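Biologist: I would like a close look at one part of this model, the strands and how they pair, with the cut-offs behind each term stated as you go.

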Amino acid sequence: AAAALYMLLPYPVAHDAYSRGAVAELFTFIWMPLILYFVVRISRGDRLAPIGLAVSYGLLCTTHLPTTLMFSIVPVLYSVLQAYGAKRLKVLATTVASMALGVGLAAVYILPAMAYQDYVFMNEMREGPFWFGGYLIGWQLDLFGNMKYFWMVLDLGLVCVVSYLIAVFSLKGKDRREINFWGAIAVAAIFMTLGISKPIWEAIPVLQKVQFPWRFNTVASVASLPLIALCISLIRGSSKWASGFAIVVTVYCVVSWTGQMVRVERDALFKPPEWWRPGQAERMNMLGLDWHALWPKTVPFTEPDLDINVATIPVVGSERARAFVRDGNGQVSVVSWYPREVELQTNTESEATVVVSQFYFPGWKAHIAGSNVALPVIPTPDLGLVSINVPPGVRYVKLTLVEMWPELIGEWLSALCAVLTLGLFGRLVY
């Protein structure tokens, strides 16, 4: 029953899926229960559980790093709860080691994601309209229109508190420890969405990379499920008052959360989107652009100036040219265009500058095909696009985005951890 309610949780369903289309954040709700499941299996002596934890945690890392940042302390603390006495240290060490192996498996993604932040406008994710303080509930709430998060937190918090109170007065032993643990996690996660948590956000700058405090609804949502499950388990208990309250909580969750899902589905299907969204989506699809914060810093203009600057690119047929000669006389044509690799044919009377409609990024290299003659690659000062100086005559030029050290080390580290994981699996099975 609790698993069915997990599929109705307002934050992943109403918010991530239908309101924002936040697919990556939505997918974290697959891995987090698996991570916790394997922590339990480790505490019970399951030999293969560390591998399961490493793989599931690695998948979480490659899915959504802000959620990984918020959630990672939970399985560590949960491993301490699950074990007793001298066994506790062993379970904790195994859990931490497995999560470290998971980080290694995900290094192919994590290392470039961390190392390349200085090359893009990451500061825009923490300043101006995206300043974390503007999204704390109770702090400039109306200015940024966060009332929907207030009601979401209030709804989830109410369910958690009532479920906790019903269960904590009815359960004993290990169940009591479990209910106290998840009650504390839920309260801590909800606290981090409120304005009174602002000093913590300021004291721990890395938290600001979560960007939106209401993302802690992810952790609160996961923490709510054990509370609800333990509450539901009382429906068939001997205590009539506990059984009655448990039925009320269950019915409330079904009715309230189903209603929220139906409302956002209706809005998503039939309500016209805000006026700026269709135009922005069309432009992003046409130009192949992502959000401005992820543009390279060599781009000299911001999103409002985009259309003006793109208009300076020549038109070929009905589209903007993928490559054109800017300084000099001649022609250029695109022979092939693949991710990280472009081949051009140039025919110029003298040395000329060829501009490729691809944002410049460190790692772009060019050379004459069939030779080792390297050609200078720099960003254009007005567009931030790749600019290549080509010699005169007919030339085939190959432009490649080579892998820099974060990608190379990440690949080798992930491969090494994959071999280690397979080796451990083979040893434990056979």
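In what order do the five strands of the open sheet stand, and is their pairing parallel or antiparallel?

Modeller: The model is a predicted one, in which local features need pLDDT of at least 70 and side-chain atom pairs count only at pLDDT 80 or more, while totals for chains, interfaces and linings use all residues. Residues are numbered from 1 along each chain as its sequence is written, and side-chain values use heavy atoms, with hydrogens and water left out.

The five strands of the open sheet stand in the order β4-β5-β11-β7-β8, and their pairing is antiparallel. Strands here are DSSP runs of E of at least two residues, helices are runs of H or I of at least four, and each kind is numbered from the N terminus; two strands pair if DSSP finds at least two bridges between them. In general, the strands of a sheet pair through backbone hydrogen bonds, either parallel or antiparallel. At the edges of this sheet lie β4 (330–338) and β8 (374–375), each of which pairs on one side only.

Strand β11 (residues 393–401) has β5 and β7 beside it in the strand order. It is joined by eight bridges to β5 (residues 341–348), the two strands running antiparallel, and by five bridges to β7 (residues 364–368), again in the antiparallel sense. Val-397 of β11 is a useful residue to follow across these strands: it is the bridge partner of Leu-344, and it also stands opposite Ile-368. Another pair to inspect is Glu-341, which stands opposite Thr-400 in β11.

Just before β5, the loop between β4 and β5 holds Arg-340, whose phi is near 70°, a positive value in a residue other than glycine. Arg-340 counts as partly exposed, at 33% relative accessibility, where buried means under 20% relative accessible area, exposed means over 50% and partly exposed lies in between (1.4 Å probe, protein chains only). Away from the strands, Gln-211 likewise has a positive phi without being glycine, near 80°, and it lies in the loop between α11 (198–203) and α12 (217–232). Whereas Arg-340 is partly exposed, Gln-211 is buried, with a relative accessible area of 4%.

There is also an open sheet of four strands, in the order β3-β6-β10-β9 and with antiparallel pairing. Its edge strands, each pairing on one side only, are β3 (323–327) and β9 (377–379). From one strand to the next the twist averages 35°; for such angles, axes are lines fitted to C-alpha atoms, for helices over the stretch in contact, and the values run from 0 to 180 degrees between N-to-C directions. Within this sheet, β6 pairs with β10 (residues 385–390) over six antiparallel bridges, and the bridge partner of Val-355 in β10 is Ser-387.

The loop between β5 and β6 (352–359) is where Glu-351 sits, and this residue is exposed, with a relative accessible area of 56%. Leaving aside neighbours within four places in sequence, Glu-351 is in contact (heavy atoms within 4.5 Å) with Asp-327, Asn-389, Val-390, Pro-391 and Pro-392. Of these, Val-390 is 39 residues from Glu-351 in sequence, yet the C-alpha to C-alpha separation of the two is 5.7 Å.

To set these strands in the whole chain, the secondary structure comes to 16 helices and eleven strands, and the C-alpha trace spans about 90 × 55 × 40 Å along its principal axes. Of the 430 residues, 45% count as buried. Among contacts between residues at least 6 apart in sequence, 70% join residues at least 24 apart, and the pair formed by Glu-351 and Val-390, at 39 residues apart, is one that you can locate directly in the view.
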